[in-house]
Amino acid sequence: MKRKMRIAAMMLALALPASALAVTEGVVEDAPPVELEEEAAPVSYLPDESYYVDGYEGWEGPIWENAVEDPKLRFDGDCYQDVEQRPRLTAGESARAKALLAQYEAGEIAYAGEDVLGKTQQVVVGVYALDPADYDGERAFLLLPGTWLTDEQLLSIIDAYAQLGLTFDPDALNARNCARGGGIETTRLLTEDEYARSTQIARLIERGLLTPPAAQEGVTCYMQTDSRYYCGLEGFALRPYRRLTDEELCAMLVQLGARDRSGEADMDELERRAREALCGQLDAAPSMELVNLSLDGSYMPALFDAKGNIDCVDGEQSRDMYFVSFAYHTPDGVPVYAYAMFDAQTGEIISLCRMHEREWTGDGPSQVKELSREDVLAVLADVEERLALEDPVWLFESIEPNVHLSDWGSSRVARALLEDDLMLTVYIGLDDGEEHGLELQRGTLVETLPAQGDVNG
């Protein structure tokens with residue numbers, strides 16, 4: 001976050017101890033150093049307009065920007081293509097909307113179709129009343145599909161605004177009062193404070209430690225969208241432009257499906273086992289903080305070959321899983337993300353991972369570190385010592401060619417089959433030649449991986 005330094009000379013003088021202002025005749029004494037604290041920038045609860053400025057800079061609009069007749073957009077079987085995702089009407093739509101508004105206000109036309117005011121299910125077009133006190137003065141929000149708007153859809157918007165005592169103005173649309181085409185899934189993201197509180201509240205609800213009131217009408221409104229018109233996005237959330245209270249966050253979570261799940265699994269035991277395994281087998285920090293515990297995951301069982309390649313079984317054989325994740329920092333301040341995956345049916349741990357979230361320090365191919373076999377062996381020797389491994393057989397076929405790409409840069413991959421059903425993967429950063437992560441994965445050793453090809457990382 002950006003931080004600003006604000007120094008007021010008078011306040012600084014008042015803050016100094018008297019000795020710092022003392023003056024001996026003919027001598028100016030040095031004042032002791034004063035440490036100034038940086039003042040955090042105020043938290044913003046408004047939509048991030050820069051999302052559209054940065055993401056669409058230089059783009060003039062869809063090819064149907066000025067179309068006055070349906071351009072018949074391509075449908076790929078899941079959703080429409082060549083869509084508009086900015087909070088606006090195109091030039092052609094705006095011109096038609098203004099003409100329709102003039103006819104509507106003159107009583108020449110009326111709207112007799114489905115009411116789109118407050119629509120929350122299978123939304124293609126939706127208009128929502130806002131409390132100006134909650135939304136920084138805004139009185140209505142418009143949810144639009146990414147496709148070309150028909151006259152009927154434009155008229156439905158005009159009519160919904162009229163029901164609110166408002167006049168629809170296409171030129172007034174922006175990120176504060178409109179979203180379109182699945183470009184973003186909410187009016188605004190939660191702040192760090194709201195996210196931390198919502199995570200804690202969700203955890204309490206799911207573990208049966210907090211029982212929400214039977215009926216809650218939160219100020220946050222969640223609409224289920226027709227994903228065909230929103231680039232696959234299945235929902236949109238209206239969040240007020242102010243700090244959400246704990247009660248409102250609780251209502252929001254219930255609306256999104258949070259419930260008591262303590263009867264489905266012993267979550268305290270899952271967390272305990274995950275911590276024990278990550279600390280005991282991957283040398284994670286005991287002080288790591290729980291980030292997430294999910295009972296809704298699924299996975300495909302892994303397959304290994306003797307060369308250290310990993311793939312998975314056919315997707316139709318997916319199994320339910322539980323997922324527990326943690327976060328902490330190394331002594332030198334590097335963030336670390338760790339997780340454990342459990343098979344929901346057997347309770348067996350099927351995967352453990354600890355990954356350093358290092359920022360990529362290389363600026364391009366010239367910054368990639370050339371790792372010799374000796375470099376790799378030195379890293380692996382350190383891993384063997386820390387994990388107390390007894391003579392692991394490193395699969396050198398998996399060392400040389402394989403590069404694992406992630407959000408934190410590229411890593412060389414080295415693997416060892418510790419047991420017939422247990423593979424250890426070591427990720428070695430190409431920017432610094434250090435170990436960036438470890439992963440233990442349960443699976444089945446096979447002679448040949450599926451025909452679609454080996455997957456190395």
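Just after helix H8, Asp283 adopts a positive phi of about 50°. This residue offers a handy entry point to the predicted model, and the helix that precedes Asp283 is a good place to look next.

Helix H8 covers residues 267-282, and its 16 residues, at 1.5 Å each, should span 22 Å. The C-alpha atoms at its two ends lie 21 Å apart, in agreement with that expectation. Within H8, the buried residues are Met267, Leu270, Glu271, Ala274, Ala277, Leu278 and Leu282. These residues occupy an arc of only 135° around the axis, and therefore sit on the same side of H8. The other side of the helix carries Asp268, Glu276 and Gly280, which are exposed. Asp268 also takes part in a contact at the start of H8, where its backbone nitrogen has a side-chain oxygen of Asp266 within 3.3 Å. The two ends of H8 can thus be told apart in the structure above: the Asp266 contact marks the start, while the positive phi of Asp283 comes just after the helix.

Two further helices are worth viewing together. Helix H6 is formed by residues 192-206 and helix H7 by residues 246-255. Their axes come within 9 Å and cross at roughly 60°. Angles from 65 to 115 degrees would count as roughly perpendicular and those under 35 degrees as roughly parallel, so H6 and H7 are oblique to each other. The handedness of this crossing is right-handed.

Loops deserve a visit as well. Ser44 is found in the loop that runs between strand E4 (39-40) and helix H3 (50-55). Its relative accessibility is 48%, so Ser44 counts as partly exposed; the exposed class begins over 50%. Within the same stretch of chain, the side chain of Ser44 reaches the backbone nitrogen of Leu46 at 3.3 Å. Ser44 also has a partner in space from far along the sequence: Arg243 is 199 residues away in the chain, yet the two C-alpha atoms are 9.1 Å apart.

A second loop, between strand E6 (140-144) and helix H5 (151-163), holds Thr147. Here the relative accessibility is 7%, and because buried means under 20%, Thr147 counts as buried. Thr147 and Gln81 are 66 residues apart along the chain, and their C-alpha atoms are separated by 8.2 Å. Side by side, the two loop residues make a neat pair for inspection, with Ser44 partly exposed and Thr147 buried.

Technical notes:
Residues are numbered from 1 along each chain as its sequence is written. This is a predicted model: local features need pLDDT of at least 70, side-chain atom pairs count only at pLDDT 80 or more; totals for chains, interfaces and linings use all residues. Side-chain values use heavy atoms; hydrogens and water are left out. Helices (H or I, at least four residues) and strands (E, at least two) are DSSP runs, numbered from the N terminus. The expected span of a helix is 1.5 Å times one less than its number of residues. Buried means under 20% relative accessible area, exposed over 50%, partly exposed in between (1.4 Å probe, protein chains only). The arc is that of the directions from the helix axis to the C-beta atoms. A polar contact is a pair of N or O atoms within 3.5 Å; within protein, one must be able to donate a hydrogen and the other to accept it, and residues adjacent in sequence count only if both atoms are side-chain atoms. Axes are lines fitted to C-alpha atoms, for helices over the stretch in contact, and angles run from 0 to 180 degrees between N-to-C directions. Angles under 35 degrees count as roughly parallel, over 145 as roughly antiparallel, 65 to 115 as roughly perpendicular and the rest as oblique. A crossing is left-handed if the near helix is turned anticlockwise from the far one by less than a right angle, and right-handed if clockwise.
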